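Here is a short round of questions on how one protein chain is put together. Look at the sequence and the structure, then work through the answers.

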Amino acid sequence: MTRLGDATLHELPETVGRPTYDRSALTPGIVHLGVGGFHRAHEAMYLDRLMEGGRDHDWAIVGVGTMPGDVRMRDALKGQDCLYTLVLKHPDGTLEPRVIGSMVDYLFAPDDPEAVLAAMVDPRVRVVSLTITEGGYHVNQVTGRFDPDDPALQADLGSPGTPRSAFGFVTEALRRRRAAGTEPFTVMSCDNLPGNGDVARDMIGAFATLQDDRSPDGEPLAPWLAEHVAFPNSMVDRITPVTSEEDIAALAERFGVEDAWPVVCEPFTQWVLEDSFPTGRPAFEQAGAQVVDDVVPYELMKLRLLNASHQALCYLGYLAGYRYAHEVCQDPVFVDFLLGYMEHEGTPTLPEVPGVDLDAYRRELIERFANPEVRDTLARLCAESSDRIPKWLVPVIRHNLEHGGRIEASALVVASWARYAEGVDEQGEPIEVVDRFKDKVMAAAARQHEDPLAFLQDESFFGDLRHDERFTTAYLESLRSLHEKGARATLEDQVRG
């Protein structure tokens, strides 16, 4: 057994890829806030590819954790020289491990906030990237505006010089760079949300404005930030399930690698990135990323085909007795339903997507979902539906209603969420509904036996869809069938047409 670290890389078996570049010669160019599985399977992997190819050695990553739970990541990475193993899980059961070497340091912000600020102010750092989750942008889901109620944000508004939150670190570092005459870094969101760069710009800008209001005697930061700091949009895609104890054990048993926290993911990866980096960037396109002028077509493709299809399979699959995405996507009835949704309802809402064969993309999605080695749980896909359905599926419904398109599959997906939110499956077993609006969602679902449209009443989720007769007719028919026949029989009826 080889414990992972710089000194033991040469001891790893030939079946494990590892950096052949000189990690001691790397210098930081990126500070990344929010080091989790996705960042390590995605951005850090792209940089490792570039470095292995002999370039961009001045773009190494300094990882930063700001949340209390990040102490585990600190201990895992610091204990093995910030190395970790990325394991690709191929559908045939083949595991493909590679040690990733693009991260050169990890800082746990509560230990030493000044060390984090020093890293971000370093002139060599030209990009600060983010995977802080959708909730980390503090967007009020009803108004779409910045929500400053988080205690860490409130603390940073009062004491900007000693930040606790990601937003606090970004604004204070930019303030110090401006004072030092250092060019601002680019803020690169890698989170899975529409217009992630625009959201980051708007929310961080709103936070900076509040800070300016609290300190009226200083030079305002918000106007300078709006004029000088770039926030490129990006579309990110790679299924990266939570690392399990079984994954850690498999790496040790099959490859002899002792890694405190490896990452597992599917072979597929996609990154579409807006080319807006005033102070430079790594040559991500040399590592397989698509660097484009406009991310929106690719983003809509992913949201309305991949993300919406996840919702199309998860509630119906769970109600039918499945527990993993690959089980659902090995069932021909579900596959026909998903392909039908994507072709007839999702795809017609898309603009032209340059360089993409949408028919091949749709079928590739089914193949990805059907990968039995990824073991993506339906419970994960069903979680936080109140954040997902309004963003991913409701726009599809609206577009098709406005243009006379088909809405039957989409209506069934909404009805399946309503049925799932009742909290009991078709076998009478309890369902653990995970949603930040759980109480409101489940209360609405509980009322639908008396008021069949109760679940559609919340305009923050559905707008005025409950007033559209064509949609409500399809929705009520689906909901009634789910209660009377069950998920699979309902699907079979719809697939047969």
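Q: In what order do the five strands of the open parallel sheet stand?
A: This is a predicted model. In it, five strands form an open sheet, and their pairing is parallel. Neighbouring strands are turned by 25° against each other on average, direction ignored. The order is 6-3-2-7-8.

Q: Which strands stand at the edges of that sheet?
A: An edge strand has a single partner strand, so one side of it is left without a neighbour in the sheet. Two strands fit that description: strand 6 (103–108) and strand 8 (186–189).

Q: Which residue of strand 3 is the bridge partner of Val-31?
A: Strand 2 and strand 3 (residues 60–65) pair in the parallel sense. Five bridges hold that pairing. The partner of Val-31 in strand 3 is Val-62.

Q: Which residue of strand 7 stands opposite Leu-33?
A: Strand 2 also runs parallel to strand 7 (residues 127–130). Four bridges join the two. Opposite Leu-33 stands Leu-130.

Q: How many of the six residues of strand 2 are buried?
A: Buried means under 20% relative accessible area. Strand 2 (residues 28–33) is largely enclosed by the rest of the structure, because the residues counted as buried number six of the six.

Q: At what angle to strand 6 does helix 4 run?
A: Helix 4 covers residues 113–121. It lies across strand 2, strand 3, strand 6 and strand 7. Its angle to strand 6 is about 140°.

Q: Which strands stand at the edges of the sheet with the order 9-12-13?
A: This open sheet has three strands, and the pairing is mixed. The twist averages 15° from one strand to the next. Each edge strand has a single partner, so one side of each lacks a neighbour in the sheet; these are strand 9 (234–237) and strand 13 (290–292).

Q: Which residue in strand 13 does Val-272 stand opposite?
A: Strand 12 (residues 270–274) and strand 13 run parallel. Three bridges join them. Val-272 faces Gln-290.

Q: At what angle to strand 9 does helix 10 run?
A: Helix 10 spans residues 296–319. It lies across strand 9, strand 12 and strand 13. To strand 9 it runs at about 40°.

Q: Is helix 10 parallel or oblique to helix 15?
A: The axes of helix 10 and helix 15 (residues 385–392) come within 10 Å and cross at roughly 130°. The crossing is left-handed. Residues making the contact include Leu-303 and Tyr-315 of helix 10 and Trp-392 of helix 15. Angles from 65 to 115 degrees count as roughly perpendicular and those over 145 as roughly antiparallel, so helix 10 is oblique to helix 15.

Q: Is Arg-368 buried or exposed?
A: Arg-368 lies in helix 13 (residues 358–369). Its relative accessibility is 7%. The cut-off for buried is under 20%, so Arg-368 counts as buried.

Q: Which residue's side chain makes a polar contact of 2.4 Å with that of Arg-368?
A: Arg-368 touches several residues beyond four places away in sequence, among them Asp-237, Phe-268 and Leu-306. Glu-266 is also one of the residues touched. The 2.4 Å polar contact joins the side chain of Arg-368 to that of Glu-266.

Q: Which residues of helix 21 make the contact with helix 20?
A: The axes of helix 20 (residues 469–484) and helix 21 (residues 487–496) come within 7 Å and cross at roughly 135°. That makes helix 20 oblique to helix 21. From helix 20, the contact uses Ser-478, Ser-481 and Leu-482. From helix 21, it uses Ala-487, Thr-490 and Asp-493.

Terms used:
Residues numbered from 1 in each chain as written. Predicted model: local features only at pLDDT ≥ 70, side-chain atom pairs only at ≥ 80, totals over all residues. Heavy atoms only, no water. Pairing = 2+ DSSP bridges. Axes fitted to C-alpha atoms, helices over the stretch in contact; angles between N-to-C directions. Contact = heavy atoms within 4.5 Å. Buried < 20%, exposed > 50% of the residue type's maximum accessible area, 1.4 Å probe, protein only. Polar contact = N/O pair within 3.5 Å; in protein donor to acceptor, adjacent residues only side chain to side chain. Parallel < 35°, antiparallel > 145°, perpendicular 65-115°, else oblique. Left-handed = near helix turned anticlockwise from the far one by under 90°.
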